[in-house]
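Biologist: Could you walk me through this model? I would love to start with its sheets and then look at its surface.

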Amino acid sequence: MKRTTALIGGRLRSGLQRLGRTVVILAGGVLLSLAVGLLLFAVSARSIEDDARLRFDNEARSIQERLDSAIASYGRAVRGVVALHAAGRADGPPDREAFQRYVAALDIARDYPAIEGVNFASHVPEHALEGFVAAMRASESPDFAVKPPGRRAYYEVVSFEFPRDPPNRRLGIDMAANPAVATTLARARDSGGMSASGQPMYLQHPTPHIAIGMRLPVYRGGGLPPSVEARRAAYVGTVGVAFSVQELVRGALGSPDGRPLRLSLYGSNLPHAPGPGAAPVAGDRLLDGADVRGAGPDPDTHFITVLGVNFAGSQWKAHISAPKQAMLTGFSRYLPWGAFVAGGGATLLVYVLFFAQYRSRRAADQQRLLLDTVLDNLDAEVYLKDDARRIRYLNAKGAAAIGRPAAEVTGLHDHDVVAPALADAAWEHDRAVLEGGGRSAVQFEQGQRPGDHGTRQLWSVRVPLQIGEDPAVLCVSTDITELHRLKARADAASKAKSDFLSNMSHEIRTPMNSIIGMTHLALNAAPDPRQRDYLEKIYHSGQHLLGIINDILDFSKIEAGMLELRRETFMLDALMRNVEVQLGAAAAAKGLGFDVEIAPELMRPLCGDVLRLEQVLINFAGNAVKFSERGRIKLRANLARAFGPEVLVRFEVQDRGIGIAPDALPQLFTPFQQADPSATRRHGGTGLGLAISRQLAELMGGEVGVTSDPGTGSTFWFTARLSLEDRAAMVGLGAAPAPAIARLDECAVLLVEDNPFNQQVARELLEQAGAKVTVAGDGAQALAAMERARFDCVLMDVQMPVMDGLEATRRIRADPALKDTLVVAMTANAGVVDRARCLAAGMNEFLAKPVVPELLAATIARCLGRTTAPVPDVAMAPVAGSSAGAAPVVTGGSDVLDLARLAATANGDTDRMRKYAYLFLETARENLAGIENALAGGDLTHTASLAHQLKSAARAVGALTFGEVCEDLEAQPGRMASSGGAAVAVAGTAQARALVARLRALLLRIEREVSAQFGCRASDGR
């Protein structure tokens, strides 16, 4: 508990540390992005503000220029009146009528809207005042008077003005009464230049406004006198205009509505100077706009400038301001924030990408280190090589194999690292992968390296890769030398096992062929009940023994993966009835019975391997009968699951037998295991049935199981995946108490068999089924017979002289006229490998000797399509009541001749026994002479072929010892080929000669035994 807590705490601390480092790094990235964003915000804001300031300055200068232009235009109007006077009679004041016409022609209302009036002020010395007033009363108005009244040195009196009746009438006003104005007029008189009103006037009519004037002196003679004295002497008065400052600004700048710039215009007594003006002060007079002195706009939020405006030589101060935001255009006002977001976001993105790249690089380095660690500790040689044969990578195992550090050989060519022969051999495999572009896995033998003992077996997997632009190959080579040795030993053991099973099958099935076949024939010919009882017991014992052999061979086939499932259509009720019929007699003998239960949804045609289903059910049900003493046995079939066109069916066999102990259940379905060893002695059995049932169920896509209580009973179950069959016409599994042998009426069968005794047995069985049989002694004769006549079926032995059955079948399949002929193998070699060889050669079906009579005919009938009934795995009991005449069977014999075997071959017929015995003697003499000739020529292959023929014949007549020696002689070429060497060949030939000598001695003893049993040879005709 403490270790677990400490481990959890350590992992938690490590995780928190990693999380803390990640948070710190990410926080640094956020701060950096904020700093960059703020910097870009400040730079862009400053740039935008500068641009706005420039725009503001341009607009302010535009205002200044327009004001200067407007004032200059008004000044030109005044100069035009003076020029008119100079052009006319200039010896006195301007002509009133001409003055009026000129002013009317100016179209003041349209071109000079700010002008309120144009007037002429006469210069009147004090002594001429009375005459001037009298003249004005006579010409202008009887009530004309100088205002303000009083005595002064001289007067500047407005003598006439246009329009004649302006809202603010100035006629009679003495402008010199105001000292400031008098001084300004005197300065203009002396200079001859334009003068501005020293004091602006605030007028109420027509609306409250500020008015100001400009005046230009007029001299007698029209021109400008050259000196001040002359000017004073010629001075007659001034022409001037009075105008509204507001109208002047409005006319020059337009309406202020919608314009961001605000103007405050001030008048001052300062002379005009170019450039920026000084800020308004307390002595300046506000002419237009809001007074900004003391409470002006905020310089932080506004652009502010003061520009000088030239008003007739005096300085006006134009105070211009605008909000900074108002001077921004379009997207400019959002650009700083955009720069902040974009700059900060881009910086954060770059930082994150850099951080991710850093972490990725670091993770890649860690992964590379981990990969190097794994590859260096891998029990395999790993290298990476490019198409120039340069080694790009080598792990520690590979470096150790060549005896040099990996860093030293990286970058070198392979032939500089290992011996050229080894490098070239490996490069051939590497180049094949580079050129083919596909993965390669190959086992190859590598020659010796320094310090190695013998060759090495390597399993190499090569994969094409791309290193930049260069193609490369990655090779992982595992040293499987020891595994190769173990595999060779395992293969040898497997081959020995297969050879053993094949030989045992051959050795057991050959006599079983005689026992079952001849017993079947004898039953048909034995009328005596006692003899029939003996024969039936022999027949059933043979079936039992054949069942054990079939179990062993089935187990071998399943282990080798050679068992193939068939696909047939059947009904479950027929399958269950067939199981019940086959086991019904045994169950009834013990007082037992069967109950069949099938789910309603399964009462329809199904497809599957019905024989294997029946085999498992019979195994389970047979065990139930064997281990039960009471009650009834239930056979059930239920739907476990349905998926598309397939169903999973669960089969159950329930009994009330002795049951099984719980500790025995786990091993119950393993080979050669039984629930109780004592039960084996009591009930018999090999312990293979349940193991085979499990493997068959798994082959059919299911599984097996059992539930059991000792003393109560057991339920064995298995599942199988079956297909649904919707055909309307379907032949079910017929279960008959005594199934009849399939008929082959009018069927032409070619029996290809070199053994005369097997010819005899097979021919009689086929003719009994109604077939027309033609016999051929080898494959060549079979091909010749097939060229002469057509056959429905060829029953082909495998091992034959001249041409064996495999080669004959290949030639049949290669002939377009014969390729569709049915070929059935019939051989005593019944192993998995033998069956595979036959099917690979093109044979349609496979029958193992000894051939069960019903199986022989039923197999041919099924292959020809004459029946759809399943072919039984073992023979049925003979039909009761069959009888035929039979000759008495000769018994006895010696160790060289088994007369029981000979009687079985001859079907108990004494004449046939005599005929077969002497036929064997004659064949043995001929073959022994041929064997001796072959040995003299050193042809051991022909010797083995002749020995094979004698072996089969000797076993058929009961000369078993003679057959064993023939088998030993037959195996001599194989022993010599496996050993090799000239000395071995000489020794093998000598051994063969010794075996032939032994065969000669045995043949003499057999001749004496045949003569003793059947009389002399001369009295017997062939």
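Modeller: Gladly! Two strands pair if DSSP finds at least two bridges between them, and helices (H or I, at least four residues) and strands (E, at least two) are DSSP runs, numbered from the N terminus. This is a predicted model, where local features need pLDDT of at least 70, side-chain atom pairs count only at pLDDT 80 or more, and totals for chains, interfaces and linings use all residues. Residues are numbered from 1 along each chain as its sequence is written, and side-chain values use heavy atoms, with hydrogens and water left out.

Biologist: How many bridges pair strand 11 with strand 12?

Modeller: Strand 11 covers residues 381-386 and runs antiparallel to strand 12. Within this pairing, Tyr383 has Leu394 of strand 12 as its bridge partner. The number of bridges between strand 11 and strand 12 is 3.

Biologist: Which strands stand at the edges of the sheet with the order 12-11-15-14-13?

Modeller: That open sheet has 5 strands with antiparallel pairing. An edge strand has a single partner strand, so one side of it is left without a neighbour in the sheet. The edges are strand 12 (391-394) and strand 13 (440-446).

Biologist: At about what angle to strand 14 does helix 11 run?

Modeller: Helix 11 (residues 420-436) lies across strand 11, strand 13, strand 14 (456-467) and strand 15 (470-479). For the angle, axes are lines fitted to C-alpha atoms, for helices over the stretch in contact (heavy atoms within 4.5 Å). Angles run from 0 to 180 degrees between N-to-C directions. Helix 11 makes about 45° with strand 14.

Biologist: Which residue of strand 8 stands opposite Leu265?

Modeller: Strand 7 (residues 262-271) and strand 8 run antiparallel, joined by 3 bridges. They belong to an open sheet of 4 strands in the order 8-7-10-9. Opposite Leu265 in strand 8 stands Asp288.

Biologist: Is Val352 buried, partly exposed or exposed?

Modeller: Val352 lies in helix 8. Buried means under 20% relative accessible area, exposed over 50%, and partly exposed in between (1.4 Å probe, protein chains only). Because its relative accessible area is 35%, Val352 is partly exposed.

Biologist: What share of the 1022 residues in the protein chain is buried?

Modeller: The chain holds 28 helices and 27 strands. Among contacts with a separation of 6 or more, 67% join residues 24 or more positions apart. The buried share of the 1022 residues is 45%.
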